[in-house]
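Q: Please go through this model and say what stands behind each label given to its geometry. Keep the reasoning explicit.
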Amino acid sequence: MSASDGIGARRSAPSPESIRLPTPAATGGSAGASGASGPTTAGTAGGTPAATRGPGPGENKQGLLFGVGAYVLWGLLPLYFMVLVPAGAVEIVASRIVFSLVFCAALLTFMRSWKTLAAAARNLRLVGTLGGAAALIAVNWLTYAWAVLNEHAVEAALGYFINPLVSVLLGVLVFREKLRPLQWVAMGVGFVAVLVLALAYGAVPWIALILAFSFGSYGLVKKGVGGKVDAISSLTIETAVLTPVAAAVLVWMSVNGTATILSNGSAHFWLLAASGVLTAVPLIFFGAAARRLPLSTVGMLQYLAPTLQFIIALAVFKEVMPPERWAGFGLVWLALVILTVDMMGGPRRNRILRAAA
């Protein structure tokens with residue numbers, strides 16, 4: 001969840017304007033991701049504007065590496081959370097927020113971007129919007145950590161599998177977007193899948209739905225922010241909004257003797273501190289991928305994270321998957337295949353529309 005063109009390519013610090021946060025909901029096919037169309041550097045070669053040529057083979061290869069890196073890191077998060085035991089979900093999320101702010105401050109210092117942050121912070125409407133985004137992502141983080149630590153990693157993976165469907169639904173409800181025939185089919189199959197999974201679990205799969213809707217809504221809010229703020233400033237403001245509450249929670253847990261951050265040795269402390277890096281680095285990788293790859297490729301890569309989470313839940317955590325759950329997941333995957341086929345046809349539809357125009 002952003003990055004700089006200068007990563008691994010320039011010795012000088014990257015400019016904050018070159019970094020853009022992705023919109024998680026956008027990768028579901030209902031809207032374009034920020035910066036996903038590649039660099040738009042002015043210039044010509046052979047009479048063709050650079051902005052219209054798209055990324056070259058080298059850019060595509062780098063983008064693919066960044067994209068795979070981002071989604072692999074997100075996919076391996078369940079293993080990281082288990083390493084943090086005996087810390088609970090609340091302590092993990094509180095630590096993640098506090099140390100993310102520390103990491104962002106270090107990054108802003110390295111990039112000499114404090115003035116950019118100050119300019120964004122003076123926009124009270126922007127800060128309010130990012131505060132809403134912060135609340136949504138906090139709900140997402142807390143739900144996900146709790147699910148992994150309480151043997152619901154399979155259902156957590158389900159939440160991110162159905163997130164693209166939720167993104168399409170939010171596009172209809174909020175932006176009044178009209179669905180294409182294949183999108184209607186995908187939504188119908190997805191609805192049936194939720195019903196099947198509700199029967200399989202004996203209850204509505206609330207964990208999956210909370211994760212999908214909180215993440216999709218977060219992406220919706222970030223889409224509204226657009227290019228008004230760079231990624232690092234955005235992440236800094238979001239974590240700064242949450243940090244007073246997170247710090248108070250850590251202090252309260254320490255006073256009550258339920259915190260582990262200072263009582264389980266230095267290795268445990270630094271593992272919790274690393275959560276700040278593990279929050280920001282995938283965002284940076286994702287942004288670098290979004291600038292170099294076509295949106296359709298980014299949309300395909302997004303399934304890598306929940307696939308890894310699903311495999312880890314079955315192979316490492318040994319969670320149970322009875323036949324009725326397999327049936328429900330099979331319907332979800334079928335819906336995603338249909339949605340992906342529709343998304344892959346997007347470039348051809350755009351060419352036809354341009355030709356008609």
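A: Begin with a helix pair in this predicted model. The crossing of α4 and α13 is right-handed. Helix α4 covers residues 89-111 and helix α13 covers residues 275-292.

Q: Why are α4 and α13 called oblique to each other?
A: Their packing angle is about 60 degrees, and the axes are 7 Å apart. Roughly parallel needs an angle under 35 degrees, roughly perpendicular needs 65 to 115, and roughly antiparallel needs over 145. The angle fits none of these ranges, so α4 and α13 count as oblique.

Q: Which residues make the contact between these two helices?
A: From α4 come Ser95, Arg96, Phe99, Ser100, Phe103 and Leu107. From α13 come Ser275, Gly276, Val277, Thr279, Ala280 and Ile284. They divide into 6 nonpolar, 5 polar and 1 charged. Arginine counts as charged, so Arg96 of α4 is the charged one.

Q: What makes α7 and α15 roughly antiparallel?
A: The axes of α7 (residues 153-161) and α15 (residues 304-315) cross at roughly 165 degrees. The cut-off for roughly antiparallel is over 145, therefore the label applies. The axes come within 8 Å, and the crossing is left-handed.

Q: Which residues of α7 and α15 meet, and how do they divide into nonpolar, polar and charged?
A: On α7 they are Ala153, Val154, Ala157, Tyr160 and Phe161. On α15 they are Pro306, Thr307, Gln309, Phe310, Ala313 and Leu314. The division is 9 nonpolar, 2 polar and no charged. Thr307 and Gln309 are the polar ones, because threonine and glutamine are in neither the nonpolar nor the charged list.

Q: What lines the second largest pocket?
A: There are 14 lining residues, with Leu169, Gly190, Phe191, Val194 and Leu209 nearest the centre. The elements giving two or more residues are α8 (163-175), α9 (181-201) and α10 (206-225). Helix α9 gives the largest share, 7 residues. The space in this pocket is about 290 Å³.

Q: How do the residues of that lining divide into nonpolar, polar and charged?
A: The split is 12 nonpolar, 2 polar and no charged. Gly190 is one of the polar residues, because glycine counts as polar here.

Q: Where is the cis peptide bond from valine 85 to proline 86, and what is its omega?
A: Omega is near 20 degrees for this bond. Proline 86 sits in the loop between α3 (77-83) and α4.

Q: What is notable about the phi of arginine 112?
A: Its phi is positive, about 55 degrees, although arginine 112 is not a glycine. Arginine 112 lies in the loop between α4 and α5 (114-121).

Terms used: Residues are numbered from 1 along each chain as its sequence is written. This is a predicted model: local features need pLDDT of at least 70, side-chain atom pairs count only at pLDDT 80 or more; totals for chains, interfaces and linings use all residues. Side-chain values use heavy atoms; hydrogens and water are left out. On a 1 Å grid over the protein atoms alone, a cavity is a set of points where a 1.4 Å probe fits but cannot get out, and a pocket is an open set with protein on both sides within 12 Å along at least five of seven lines; lining residues have an atom within 4 Å of a point. Grid points are joined across faces, edges and corners, and a volume is the space filled by probe spheres set on the points. Helices (H or I, at least four residues) and strands (E, at least two) are DSSP runs, numbered from the N terminus. Axes are lines fitted to C-alpha atoms, for helices over the stretch in contact, and angles run from 0 to 180 degrees between N-to-C directions. A crossing is left-handed if the near helix is turned anticlockwise from the far one by less than a right angle, and right-handed if clockwise. Contact means heavy atoms within 4.5 Å.
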